[in-house]
Amino acid sequence: GTDMNEGQLMGDFEMESKQLEAESWSRIVDSKFLKQQKKDVVKRQEVIYELMQTELHHIRTLKIMSDVYSRGMMTELLFEQQTVEKLFPCLDELISIHSQFFQRILERKKESLVDKSEKNFLIKRMGDVLVNQFSGENAERLKKTYGKFCGQHNQSVSYFKDIYTKDKRFQAFVKKKMSSAVVRRLGIPECILLVTQRITKYPVLLQRILQCTKDNDVEQEDLAQSLSLLKDVIGAVDSKVASYEKKVRLNEIYTKTDSKSIMRMKSGQMFAKEDLKRKKLVRDGGVFLKSATGRLKEVQAVLLTDILVFLQEKDQKYVFASLDQKSTVISLKKLIVREVAHEEKGLFLISMGMKDPEMVEVHAGSKEERNSWIHIIQDTINTLNRDEDEGIPSENEEEKRLQDTKARELKEQLQQKDQQILLLLEEKEMIFRDMTECSTPLPEDCSPTHSSRTLFRSNTEEALKGGPLMKSAINEVEILQGLVSGSLGGTLGPAVSSPIEQEGLVGPVSLPRRAETFGGFDSHQMNASKGGEKEEGEDGQDLRRTESDSGLKKGGNANLVFTLKRNSEQVVQSVVHLHELLSALQGVVLQQDSYIEDQKLLLAERALTRSSSRPSSLVEQEKQRSLEKQRQDLANLQKQQAQHLEEKR
């Protein structure tokens with residue numbers, strides 16, 4: 001199957017290459033037609049032909065990645081699709097983009113055939129095709145797709161090397177595919193690199209086409225516009241790649257940072273490892289902090305969008321750097337950056353936000369690096385201030401808003417699911433009631449309207465409590481048990497010979513009065529044994545047996561049938577009522593589950609909330625109040641959970 005697939009792919013390649021099999025435009029057209037053209041026209045057609053050929057080769061590379069490597073890994077090696085996508089991200093989208101572009105070029109070539117010839121063509125307009133490719137929706141597709149593919153380039157190559165080193169089957173698979181006529185020694189890393197480089201090849205080709213275009217103002221304008229649009233696309237792709245690489249780098253710093261390390265900022269706010277995850281990296285690099293004694297300490301500077309962090313390495317982990325009782329997590333708000341006089345590698349960071357300004361002296365490896373740090377820190381401060389002036393929400397505010405929105409959506413989904421479950425319980429109860437009505441008619445007080453009111457509703461003024469429901473359910477169980485034991489144990493004693501015996505029920509059936517897990521019966525039983533009521537119980541049993549015997553003697557079988565029918569109706573009624581109570585109890589439990597999850601979310605939000613604008617003393621007081629409040633909430637939550645578990649039992 002794989003060989004057939006590769007053979008078909010080879011056939012497709014050969015069919016496509018027939019149109020562009022010549023090395024250059026001069027070789028594909030007739031010599032007579034060629035001599036009629038001006039030198040600039042020939043140069044322009046050669047560059048356009050090169051664009052067509054390189055686009056075809058690029059599509060070939062993409063199809064080798066898709067149809068040979070990607071498909072082979074899933075069919076022959078049984079790799080998961082997720083693994084393959086880590087090596088070849090957004091491959092289908094890339095094939096779609098470039099196939100459509102290539103088809104538009106071929107259509108323009110076909111439209112440009114001269115004198116109904118099959119070989120001679122002269123493309124006079126190409127700018128409009130290029131403008132269409134690098135503008136609008138096509139441009140957005142290029143930015144998104146190449147941004148992701150190029151951003152994951154290094155990760156994809158590293159992942160390939162990791163699999164290739166560990167998996168011998170994968171090694172044999174790659175070697176086999178590289179030896180085939182379709183692949184032509186093109187390995188996976190080479191394919192990834194070629195795709196990454198493709199978008200950077202277009203500007204050179206477009207610039208050369210523009211230089212060779214003369215005496216056609218419309219075409220020149222289109223080519224110039226397409227070149228400008230292409231540069232915008234490449235700039236956006238570069239930005240996405242840089243953003244992705246910074247995200248990966250920040251994750252590396254986060255992973256290496258010790259989770260126990262914490263630093264108090266000058267404002268009194270605490271900064272921990274988890275706070276790194278909520279930021280975006282601007283730049284990081286090695287610098288030196290100068291202490292009061294003049295000693296230089298080597299640290300890692302991590303510039304984020306609103307904060308500058310200094311980390312030092314300890315036991316192969318990052319911890320927040322220590323410096324003369326000063327904070328090494330510095331807010332960019334009201335931060336001043338200055339050069340150190342007579343020190344070409346030094347710079348001062350002056351925090352002006354509080355009563356007492358704090359200054360930290362930083363040294364870079366060279367004057368150029370120092371100037372670079374000053375420039376990028378100042379740019380980040382200006383961006384932060386501009387965003388605040390324009391009302392653009394900060395990262396923390398934006399993230400909190402997104403989290404609140406998500407929490408609200410999840411809460412709504414939870415309430416919807418609770419409502420759906422309650423509706424299903426109602427439907428199930430109605431079905432159960434219909435089934436019982438088929439065999440035995442129910443009394444009027446157990447009508448469907450009556451039962452529906454007992455189900456738990458989330459919008460009632462007073463929500464039902466699990467305790468009364470459980471107590472009612474237990475009473476129903478006691479009544480039901482009394483009816484069953486009364487019917488089977490008393491009425492159908494060993495002295496009675498009835499049709500029941502013929503169905504296989506032999507001898508009296510005695511049931512326990514109540515499950516031993518209920519404390520009420522345990523205490524009652526203990527009190528009964530202590531109070532000497534054992535003899536009364538025996539007398540009661542003798543009395544019931546005497547009454548039963550006399551009833552049987554007097555009424556005979558008619559009385560027995562009447563008793564059975566009456567008890568049977570009571571049993572059905574009790575079972576239905578018990579089912580209603582347990583359904584309502586299930587609704588209570590579901591609602592309490594939702595309430596507990598809601599409370600957990602609120603507690604988590606309160607734990608994450610930190611004061612960032614108050615003095616240290618007020619922060620400490622607020623922290624104490626917050627801790628006390630959290631303890632109370634936790635105690636209430638534990639109490640609810642204990643009640644919840646008790647009700648479930």
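The following questions and answers concern a predicted model.

Me: Which helix gives the largest share of the largest nonpolar core?
Reply: The largest nonpolar core has 74 residues, and those with the most contacts inside it include W25, Y69 and F88. The largest share of this core, 14 residues, comes from residues 39–75, that is, from helix α4.

Me: How many of the residues of α4 are buried?
Reply: Buried here means under 20% relative accessible area. By that cut-off α4 is mostly covered, and its buried residues number 26 of 37.

Me: At which residue does α4 bend?
Reply: From its first C-alpha to its last, α4 reaches 52 Å, close to the 54 Å expected at 1.5 Å a residue. The helix nevertheless has a bend of about 25°, located at I64.

Me: Which residues does M73 contact, leaving aside neighbours within four places in sequence?
Reply: M73 is among the residues with the most contacts inside the largest nonpolar core. Contact is taken as heavy atoms within 4.5 Å. With neighbours within four places in sequence left aside, the partners of M73 are L78, F79, V84, L87, F88, F170 and F173.

Me: How many residues make up the second, separate core?
Reply: Apart from the core that includes M73, there is a second one, with L303, A321, L349 and I377 among its members. The size of this second core is 23 residues.

Me: In which sense, parallel or antiparallel, does β5 pair with β4?
Reply: β4 covers residues 296–304 and β5 covers residues 307–314. The two form a hairpin with two residues between them. Four bridges join them, and the sense of pairing is antiparallel.

Me: What is the bridge partner of V309 in β7?
Reply: V309 lies in β5 and is the bridge partner of V302. β5 also pairs with β7, residues 329–331, in the antiparallel sense over three bridges. In β7 the partner of V309 is V329.

Me: Which residue in the turn between β5 and β6 has a positive phi?
Reply: β5 and β6, the latter spanning residues 317–320, run antiparallel and are joined by four bridges. K314 stands opposite K317 in β6. The two strands form a hairpin with two residues between them, and the turn residue with a positive phi, about 55°, is D315.

Me: How many residues of β5 are buried?
Reply: β5 pairs with β4, with β7 and with β6. The strand is mostly covered, and of its eight residues the number buried is six.

Definitions and conventions:
Residues numbered from 1 in each chain as written. Predicted model: local features only at pLDDT ≥ 70, side-chain atom pairs only at ≥ 80, totals over all residues. Heavy atoms only, no water. Core = buried A, V, L, I, M, F, W, Y, C linked by side-chain atoms within 4.5 Å. Buried < 20%, exposed > 50% of the residue type's maximum accessible area, 1.4 Å probe, protein only. Pairing = 2+ DSSP bridges. Expected span 1.5 Å × (residues − 1). Bend = angle between axes of the 7 residues up to and from the residue.
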